[in-house]
Amino acid sequence: MEFSLEQLAWDLEGLSPEEHGFTYLDLQREPAGSGRLDGWVIPAKDLHDVAGMPTSLGHTQRAYLATTTDCFLEALEAEGAIIPGKSAAPELGLRVDTEPVGYPHPDNPLWPGHTPGGSSGGAAVMVARGLVRAAHAGDGGGSIRVPAAACGVVGFKPSGDDLSVPGFITRTVEDQAFLHDIPLLKPTRARIGVLTAPLFADVAVAPVMLRAVDEAAAALRGLGYEVVPIDPYPAAAETFAAFQALFSTRLADLDFAEGYSAWLREIGRSISPAQLADARTHAQGLPARLAHDWQVDALLSPMLAFDPPPRGTFTALEHAENFEQQTRWSPWGSLFNVARLPAVSLPWPVARRQPVGVQLGGITLSDAPVLGLAAALSATTASQYRH
C-alpha cells in the first residue's frame with residue numbers, strides 16, 4: 001500500500017470525520033527535517049501540541065492554537081515524518097472510548113456503529129481504515145492497546161518511568177520496532193504465563209477471547225516456548241487502587257471540569273498524600289512482585305473481555321458505573337501502566353468474524369524481546385490473516 005500526503009488526500013475524499021478519525025487536517029504541511037522517517041505520514045493525537053495546529057484536548061471548550069510542538073512529536077518531525085493533522089480522542093484522554101465533547105465521534109471500521117476504543121481511538125480508526133501506516137498515540141491505562149484491539153491493528157505500550165507513555169498504533173509489529181528504533185530480539189528461551197481470569201473487574205470473558213488466547217498459547221508452544229497457566233496475583237486489588245490514585249490525582253488541580261472529568265477530579269482530590277505515596281511505592285515494587293508471584297518472563301492474556309460495544313454505551317452510564325464498565329471491558333490493560341512494563345496488543349484471526357486482540361506483556365522481558373516475541377507470534381498467523 002502507498003502512504004503519502006497525496007494518497008491520504010485521495011483516500012479522504014468522501015469520508016466523514018466519523019469515518020476517518022481526524023479532528024484537524026493540514027495536507028499542505030511540509031517536512032520539518034530529514035532522516036530515518038522520511039516519507040512517513042504520522043498524525044498526532046489531539047491531546048498533544050503541534051505548532052500551528054489547534055489542540056482540542058477532546059472538548060470544544062478546551063481548544064487552543066498551539067505555538068510549540070511536544071517533544072516526542074518534534075523528534076518525529078526532525079527525523080523527516082510529516083504530521084498531517086490530529087486524531088480524535090475523548091476529553092483529556094480519560095476514557096477507553098473516543099467521544100470528544102462537541103466533535104464527531106469516530107466509528108469503528110471493523111464494527112460499524114460501535115466504539116473504536118480509546119483514548120487513541122481516532123488513531124486506530126485511520127490505521128485500521130488504511131489511511132496511514134502509523135499514527136501517534138499515548139497509553140496511560142490501555143489507551144494504545146484497547147483501540148488497537150478493538151480495530152484489529154497493532155498497539156505497543158513501551159516501558160517507561162510514568163503511568164502514561166507515548167507511542168504508536170500501526171499495521172505491523174515491525175513498524176512498531178522501526179518507529180521506536182528498537183531491535184526485534186526474539187528471545188531464545190522464555191516462560192510465558194497465560195492469564196484469562198480478569199484482574200481488575202468481575203466480568204465474564206467472551207468465549208471468542210478465550211479461544212484466541214488458547215490459539216496464541218498453542219502457537220507460542222509451537223515456537224518452542226514454555227507456556228503455563230497462571231492465576232491473578234494476590235495483590236491485584238492493591239494494584240488497581242494504586243492505578244486509580246495515580247490516574248485521578250493528575251486531575252486534582254484541574255480548573256475547568258464538568259461531568260465525567262469533574263467526577264474523576266473529585267476522586268483525585270480525595271486521595272491523601274499518604275495514599276498517593278503508597279500508590280507510588282506499590283508501583284515501584286510491582287515488577288519484582290509479579291516476577292516473584294508468577295515466575296514467568298511474559299504474560300499472554302486477552303486485551304478485551306468482549307467485543308466493542310455500540311458508540312455511546314459508556315457515556316450513557318452514571319459516572320461510577322461508566323468507570324467500572326470501562327474496566328470490565330479491559331480488566332488487564334492497566335497492569336502494565338502501573339508496573340511501567342512493555343505490552344503489545346496483536347490482532348488474532350478468528351474464522352468468519354473480525355479479529356480480536358491478544359495482549360503480550362513483559363514481566364522480566366524488556367521492550368526489544370517483547371516486540372521480538374510479538375513479531376514471532378504474529379508471523380504464525382500469516383497464512384490465516386491478511387490486513
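The exercises below, each with a worked solution, concern a predicted model.

**Exercise 1. The largest pocket**

Determine where the largest pocket lies with respect to domain 1 and domain 2, and describe its lining.

Solution.
- Step 1. Start with the volume: the largest pocket holds about 600 Å³ of space.
- Step 2. Turn to the lining, which is made up of 34 residues. Gly93, Gly140, Gly141, Ser143 and Phe247 are the ones that lie nearest the centre of the pocket.
- Step 3. Assign the lining to secondary structure. At least two lining residues come from each of α3 (71-78), β6 (134-139), β8 (165-170), α8 (236-248) and α11 (319-329).
- Step 4. Sort the lining by residue class: 15 residues are nonpolar, 14 are polar and five are charged.
- Step 5. Compare with the domain bounds. Residues of domain 1 (5-180) and of domain 2 (191-235 + 273-382) both occur in the lining, so the largest pocket lies between the two domains.

**Exercise 2. The annotated span**

State which residues the UniProt annotation "domain: Amidase" covers, and describe that span in the model.

Solution.
- Step 1. According to the unreviewed UniProt entry, the annotation covers residues 27-169.
- Step 2. In the model, the C-alpha atoms at the two ends of this span are 20 Å apart.
- Step 3. Helix accounts for 16% of the span and strand for 17%.

**Exercise 3. Salt bridges**

Describe the salt bridges of aspartate 97, arginine 269 and glutamate 324, giving the partner in each case.

Solution.
- Step 1. Note the principle: side chains of opposite charge can pair when their charged atoms come close. With a cut-off of 4 Å between nitrogen and oxygen, the model has 16 salt bridges.
- Step 2. Aspartate 97 pairs with arginine 95 at an N to O distance of 2.8 Å. Both of these residues are buried.
- Step 3. Arginine 269 pairs with glutamate 266 at 3.4 Å, N to O. The two are three residues apart in helix α9 (residues 259-270), about one turn of the helix. Relative accessible area is 45% for arginine 269 and 42% for glutamate 266, so each falls between the limits of 20% and 50% and counts as partly exposed.
- Step 4. Glutamate 324 pairs with arginine 328, with 3.4 Å between the closest N and O atoms. Both belong to helix α11, where they are four residues apart, about one turn of the helix. Glutamate 324 is partly exposed, at 37% relative accessibility.
- Step 5. Look for shared partners: Arg265, Glu266 and Arg269 are joined into one network by such salt bridges.

**Exercise 4. The cavity**

Find how many cavities of 30 Å³ or more the structure holds, and characterise the largest cavity.

Solution.
- Step 1. There is one cavity of 30 Å³ or more.
- Step 2. The volume of the largest cavity is about 50 Å³.
- Step 3. Its lining residues include Trp111, Met209 and Asp307. By class, the lining consists of seven nonpolar residues, one polar and one charged.

**Exercise 5. Backbone angles**

Locate the cis peptide bond of serine 119 and the positive phi values of aspartate 181 and glutamine 295.

Solution.
- Step 1. The cis peptide bond links glycine 118 to serine 119, with omega about 10 degrees. Serine 119 sits in the loop between β5 (85-87) and α4 (121-128).
- Step 2. Aspartate 181, not a glycine, has a positive phi of about 55 degrees. This aspartate 181 is in the loop between α6 (173-180) and β9 (191-194), and is exposed at 56% relative accessible area.
- Step 3. Glutamine 295 has a positive phi near 55 degrees. Its place is the loop between α10 (273-294) and β11 (298-302).

Key: Residues numbered from 1 in each chain as written. Predicted model: local features only at pLDDT ≥ 70, side-chain atom pairs only at ≥ 80, totals over all residues. Heavy atoms only, no water. 1 Å grid on protein atoms, 1.4 Å probe; cavity = no way out; pocket = protein on both sides within 12 Å on 5 of 7 lines; lining within 4 Å. Points joined across faces, edges and corners; volume = space filled by probe spheres on them. Nonpolar A, V, L, I, M, F, W, Y, C, P; charged D, E, K, R; others polar. Domains from an automatic or database assignment. UniProt positions renumbered as here; feature names shortened; annotations may be inferred. Salt bridge = Lys/Arg side-chain N within 4 Å of Asp/Glu carboxyl O. Buried < 20%, exposed > 50% of the residue type's maximum accessible area, 1.4 Å probe, protein only.
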